[in-house]
Amino acid sequence: MGLFNLGRGSDGRPPKYSAAGLFAKGLTGGEWPRVWRDVPLKKSYDVIIIGGGVHGLATAYYLATNHGITNVAVLDKAYLGSGGSGRNTAIVRSNYLTPEGVAFYDRSLELYNGMTEDLNINVMFSERGHLTLAHSDSALRTMHWRAEVNKLQNIDSSVIDPQQVKEIVPSLDISPDAHHPIMGALYHPPGGIIRHDAVVWGYARGADHRGVEMHQKTEVLDILCEGGEGPDGKGAGGKVTGVRTNRGDISAPVVVNCTAGWASLISDMAGVRLPITTQPLQAAVTEPTKVFLPAVVVSGSLHVYVSQTDRGELVFGAAVDPFTNYNVRGSLDFTEGLAGHILELMPGVSRMRLLRQWAGLCDMTPDYSPVMGFTPVEGFLVDVGWGTYGFKAGPVSGEQMAECIATNQTPKLIEAFPLSRFATGELVGEKGAAAVGH
Amino acid sequence: MAQSNRLPQQPHEVIDRGSPLNFTWNGKNLTGFTGDTIASALVANGVEVVSRSMKYHRPRGYITADFWDPNGFVQVGPEPNVRSGHRELSSGIAVDPQNVWPSLDYDVKAANGLVGRFLSAGFYYKTFMKPASLWPAFEKVLSTFAPGGTVDLEAPKDEFDKRYAHPDVLVAGGGPAGMAAAIAAAESGASVMLVEHEHRLGGHLCWGSDADVALAGELAAAAEAAGVEVLVNSTVTGRYEDNWIAVTQRSHPLATERLIKARAKVLVVAAGLIERPYVFAGNDKPGVMLSGAVRRLVNLYAAKPGERAVVFSANADGDATVADLERAGIEVASVVDARSGANLIEAHGGSKRVSSIEFADGSKVDADLLVVAAGWTAPTSLLNMAGDRPVYDESSARFFPQHAIDNVLTTGGLAGDGTRDELVEHGRATGRLAAERAAAVRHRLQAFTVQAAPVDGDEPAWADDARTPLGRDPHPALFQSTSTGTKSKAFVDFSEDISNKDLVAAAKEGYDSVELLKRYTTATMGPAQGKLETVNTVAVLADARGETIEEVGTTVWRPPYAPISLGGLAGRIFNPHRVSAIHEWHTSNGMVPIQAGAWERPDHYGDPAAEVRNTRENVGIIDVSPLGKLDLRGPDVPKLLNLLYTNKWSKLPIEGVRYGIMCADDGVVMDDGVTGHLGENHYLMTTTSSGAARVWEWIENWLQTERPDWQVHVTPVTTAYTSINVAGPKSRELMAQLTDIDLDPEAFPYMTLRQGTIAGIDDCIMWRIGFTGELSYELHVPAGHGLHVWETLMETGADLGIKPFGLEAQRIMRLEKGHFIVGQDTDGLTLAPTTGLEPLIKLDKDDFVGKAELAWAMNDRLDELPRLVAIQTTDPTIVPMEATQIVRAGTTEILGRITSSRMSPTLNRSVCLGQVASAMAAPGTELELVLIPDGRRVTATVMEHHAHFDPEGERLRA
Amino acid sequence: MPEHAAPAMVSPITTSYPSVAGSPLTLADESTLTKTLVRSDQAQFGLTFGHSRMEGDAIVAATRPDEWTILGAAEAVAAAEAAIDRGGFTSVIPWTHGRACFRLSGADASRMLEKVCGIDWSDHMTPDGAVVSASVALTTCDIIRNDIIRNDIAAGGAAGTPSYLLVMDRSFAQYLFDALIDAGQEFGIAVG
Amino acid sequence: MLLVPCPYCGPRNASDLRHVGESHVRPDPNTATPEEWRTYLYLRDNAADWTTETWYGTRCCRKYFKVERNTATNEFRNPPMPGNKLGGKA
């Protein structure tokens, strides 16, 4: 039994969150029930999802809500949201370069928009606008390219001039003699930031209400297969039978790899090789000040992006580290480069202080696009290779993976992202003009 | 009355009463002394409330009165979030409270205090949800609660600086142990950097007994004498891989902040201990202070923290505080000894100040000052960053390091407890050990480093740690009092306004691991980053879960140890900047510059169209020095060219020039350019300007890793030569006046080169190529003479109507000729054959980079790939902006895009290059374009040749 | 064809800074020195990578594992070239115009370098004669420690004064010169 | 800042070098199957363990060299760091 399995009604459904509820609890000093239950691990499930981040939890949530598949366990080796979901800079947008990318992320944005009501938890989606600055003719050309592809799919996205940039973000230095002059920007009003932990907890709570089990501190040590060409029946031609964890073996006909950072290692357990290298993406946050930065600002060529939370902290991110590794300690070089670039864009913030830095692991693929769906091992599915944009894609990935599992067919929205494309050489076009765009 | 709370002279005060300083607080004029911190000056002036808390806007006074004080954040002029407990007072500064509205004394948002019971931790996740449309409004309101000061975006940037350092031993912390370690290490021959967070060496000795203060002085002097580099008011903010140490120096004469990046052979962590607040009802009321705060204020600054004190003591520091108060003439109403089981229940009082203290035995004592000495937190950040996970020790009620780390040693309070002498002795032993180990590392580094002085003797053995460990004094485990039934909150995190009840409630909701609890409640996320809050948070969670602190475990301390300003991190910003030998001339002749990578070069000189016309009619010259140039020497150069380019090179004769296209092994176009055969085993390769560095590394990679047996020397000569393109029908006439090289078309045909003297300069290279489509000579002259040749060309060409032209004119002319630019007309997926250069791809070569993919593509799926084609709009006056999308007529289905477009001054119509689906690539195909920005749709046609102008190339062959 | 007189080569350093006699730290532009690059699979000048010495009046530095740079007056360099072993696979490349060259001299020279370069400039790690390639203010330089042996105030002080030759791509020279002057203010740097 | 044990220069800050990537073998383009070729192009072991990889001395020796690095701890071996004592990673 868990520590505090309190406050549930006979239907097992806890009360909804609401201001009224808060008020009542405030008066009575009553307690809220557990956000998700703490139940014993079973011996078998219909679906096992490896990775308790936004992707894994969303997949579980939509399996339960859209397809009625509830005998599902989400396993995480640490705590829910301990990976990329809790380490990203919580930026969401849909202004990608390729039609397939745009359609995909636009659906994600749509789900984020309705999330607070769907999940009955305030995920604090702040649709504040997203600016990608251009410091050169060629960058500006790429911005136009993105804007035009976006417009053709009714995405609110356009290129604006330096003066318009200044009107939206007064703290930016638009003087033409700057080292990296701002020559314009791709403006995407629907982009914004969101409380990433709330998204994790919301999906976990929603999935829990429908019977899905969340198991933290449950590490997958091996994936059990049979019939495959590789050792222990792993690899192409085989099928998955379950997983081995630090808490024992669990059987399941379907195992989904929703991890980031360890994606290629987990897939290796099933004998499936992935076109992935793992590199840390660093982030940092300053001390809070009164709010002055109204939009999300990205500079691709300077490899920096920044937004200001409602608490007044500036949140920064950059490009992935220049070499593969699994180390999530921040580096000093990152904060130095970051500060230098930020001060070139906003000289006024030199007196703000960096409070904390951290890193998350990103699984980079050759074409800056994910790997989703079926693998050569029957019953083993992947939702991996999310590079630096996994959080943005969480909801739609969950929805599509759930459909993929439930219908045993690849949904249209993710047709562009199969593992097989790396064997046929038909890479996704995001590689076409791969600038960092967060 | 000025400085109403300034005590009479204290024996070891650090203020200079002879040098008063004026400053303003909240608009009022006040006076302090040199040596005061802002905090001590405010306290000396009777200021009790310095800030309002974040959520409930409760009035707050000093609790630690040092760098970490959660209540001591103030605005100083343009600078937000100044730590008033640390920042020294300076003359004329304007100090203001933060997070108050409309005023410190009357704060409207304090109303939150009344509804506080409804603002449980994480409340905002549970409300403001309906209607969703209103969230933006809620958000605006919430954001006005943002704590912290105001950024003055207009204020001029301060001076910041950086330096590297390579000390043998770097000591973090200048208390007794740290100083002793630094001295011993230096005396053992190590180069030592000693970094002290406070304004003076000594640590807790500074506000201690006569003997303490005396020892601090002796050690400081000894450190000086031993040649230790001492940095005060500086903080070791991070320990990164391979002992890469970040030190923030706030005491540099020329820089507000300076970041020192030190590669220390051994790091000694002597950070001391941080006094831990005690969690009990009303523990945030002004007048509740930790013993360290009181001792600093009284002993260092002679500032009176209150009139009538109650001291809650669990250790010697608490006891010493009693003595200090009595000496200073402050009434001590009661001393409560936690060691004998006594306990606090609640600090009562009005909103502005504590008035009475209630104890577990039910007794109550009136007081306006409650001194709390409840124990210590070990600031193990630097050890965490080095990979250690400190462990909790029940009997001492604090964490201690767990693992020994080879090059990170610990001493002082972090390592254990002891008398002054024991601490100093442990410090000395640590310093000696550090020096020994540093010597071994230094020996190895020197032996491994190619340019280092030869190192003699064997490497010193790695010294074992034979230090006598410090003891661990028992200490009562005081984390939270049993404040049951009390009305006022017991705060765990002051800066985040988180009470123990908030934490318990969150844990019961399932946020019951330290990390989840932190994220859900934001406890420990504030400016002190958990230095005051973490252990108490863990303790409250442990209680709630019925587990021990050890079982719950602590969280990872992340860098930096203390916040660093963005300016300090940026330091002096370097932006390498490249110019050609002719740069000065361009600037003084009306250049409109363009930044191309690191290069600054002329985009044009006023009228690019005129520059085009003049070049097509007379003669023009352009400075193309940024063009990448690689000198290739050796017998195997032809093999190399055959490998890197898709076409064949074996038969290129001496004085021949050939164009080539380079792919990566995935068949994607990487770079292009012409290469000339200068002489036996000697070639000059040109690359795109932006690709120069990449291609050089690329070639070295193939030579060093894949073809190590080939004999080729590659030398980057991009700026060894000034490159000038002389183009136009009159270029031959012009060159004839500058060189005796035979320019007759028969003698010097298209796509050949000559070497000789130009304008009196020897060793010039001259080749006939035509990126612009005109008869043109590309000159490569020794850079030191580039300006001379350019100026001679301009003089000599005057009567031929010579004019310089810039990048823009060149871009127009190359587009008129249909030459593509790698990276603009091609992208990260463009396979070589789709650029219209299929004839240049020789699949019958044994091997070349990209061959496999290109062979498969050309055999199987060429018709699935987009093609690069020349495009002309039906309406010649329309210039579709680059990136204009090409769609299936009447739909939004994207079939391609315009990659280059210009109005052609030569043809008086717009000309384009674009990528289109192969199905649309046939000459004559009509395309539909969606114009930028208005989305208007117009038609265009795919042309037969890439060249819009002179497709047969008669002009350039002239 | 009219005769064109060949002028002397021009240095990339065109801005002028006041020259202060006897300042503790000096930066001198020596870009017009003659330079020759030797690439070879043979041992040359008896110098291994990372080391340098005087060959007559020319400085010979092993700037890469298979690369040597000769610097000095034209005659001195010509003389030194005579000592090149042209056996094996050896290329001798004119390098005068491709590279700019500064001399940084003075007691504080190493502390100055600490501000712009991450190499350990202590005497035991970078002794006189040491050669190292590294990033200086984000520009790649070959740095040759070449202490002043003659007593020469103009060049920055007395015999034994630490002195470094910075050799870099010509196109970066003006930027780097300005950056060094700026970073050297705290040591009272002046143009030598 | 990682200290990379360059076999030519000695230990150097990682910022003076470029990480080229996990070492792998280029198949013969004339005999390789598409699958073999694309394995060479795209697939890497990406182990969280000791890995043999290539670095390039961009700002020092301009040599490509192989080292073994543990991608989980960022320790180097072969060539050894001047004493793994320098690392002190855990």
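Reader: In β42(B), which residue is the bridge partner of B:V726?

Author: The partner of B:V726 there is B:Y777. Before we go on, a word about the model: it is predicted, so local features need pLDDT of at least 70 and side-chain atom pairs count only at pLDDT 80 or more, while totals for chains, interfaces and linings use all residues; side-chain values use heavy atoms, with hydrogens and water left out. Residues are numbered from 1 along each chain as its sequence is written, and chains are lettered from A and ligands numbered from 1 in the order in which they are written.

Reader: Which strands pair with β42(B), and over how many bridges?

Author: Strands here are DSSP runs of E with at least two residues, helices are runs of H or I with at least four, and both are numbered from the N terminus. Two strands pair if DSSP finds at least two bridges between them. Strand β39 (residues 721-727) of chain B pairs with β42(B) in the antiparallel sense over 7 bridges. Strand β41 (residues 761-768) of chain B also runs antiparallel to β42(B), joined by 4 bridges. In that second pairing, B:W767 stands opposite B:E778.

Reader: Is β42(B) mostly covered or mostly open?

Author: Mostly covered: 7 of the 7 residues in this strand (residues 776-782) are buried. Buried means under 20% relative accessible area, exposed over 50%, and partly exposed in between, using a 1.4 Å probe and protein chains only.

Reader: Why is helix α12 of chain B described as largely enclosed?

Author: Because 8 of the 8 residues in α12 (residues 514-521) are buried, the helix is largely enclosed by the rest of the structure. Charged names appear on that buried list too, including B:E515, B:K518 and B:R519. Just after the helix comes B:T522, with a positive phi near 65 degrees.

Reader: How should I read a positive phi or a cis peptide bond?

Author: As a general idea, most residues other than glycine have a negative phi, and most peptide bonds are trans. Now the cases in chain B. B:N81, in strand β6 (residues 79-83), has a positive phi of about 55 degrees although it is not a glycine. B:N81 counts as buried, at 4% relative accessibility. B:M751 is not a glycine either, and its phi is positive at about 60 degrees. This residue sits in the loop between α20 (731-736) and β40 (753-758) and counts as partly exposed, at 21% relative accessibility.

Reader: Which residues does a cis peptide bond join?

Author: One such bond joins B:P559 and B:P560, with omega about -5 degrees. B:P560 lies in the loop between α14 (549-552) and β30 (564-565). Another joins B:I932 and B:P933, with omega about 0 degrees, and B:P933 is in the loop between β48 (926-930) and β49 (937-942).

Reader: How many residues of chain C are in contact with chain B?

Author: Counting heavy atoms within 4.5 Å as contact, 52 residues of chain C touch 56 residues of chain B. The two chains bury about 4,200 Å² between them, and carbon and sulfur atoms give 61% of that. Buried area is the accessible area (1.4 Å probe) that two parts lose on being put together, summed over both.

Reader: What salt bridges does the rule find there?

Author: The rule asks for a side-chain nitrogen of Lys or Arg within 4 Å of a carboxyl oxygen of Asp or Glu, and finds 5 across this interface. C:K115 and B:D161 meet in a salt bridge at 3.2 Å, N to O.
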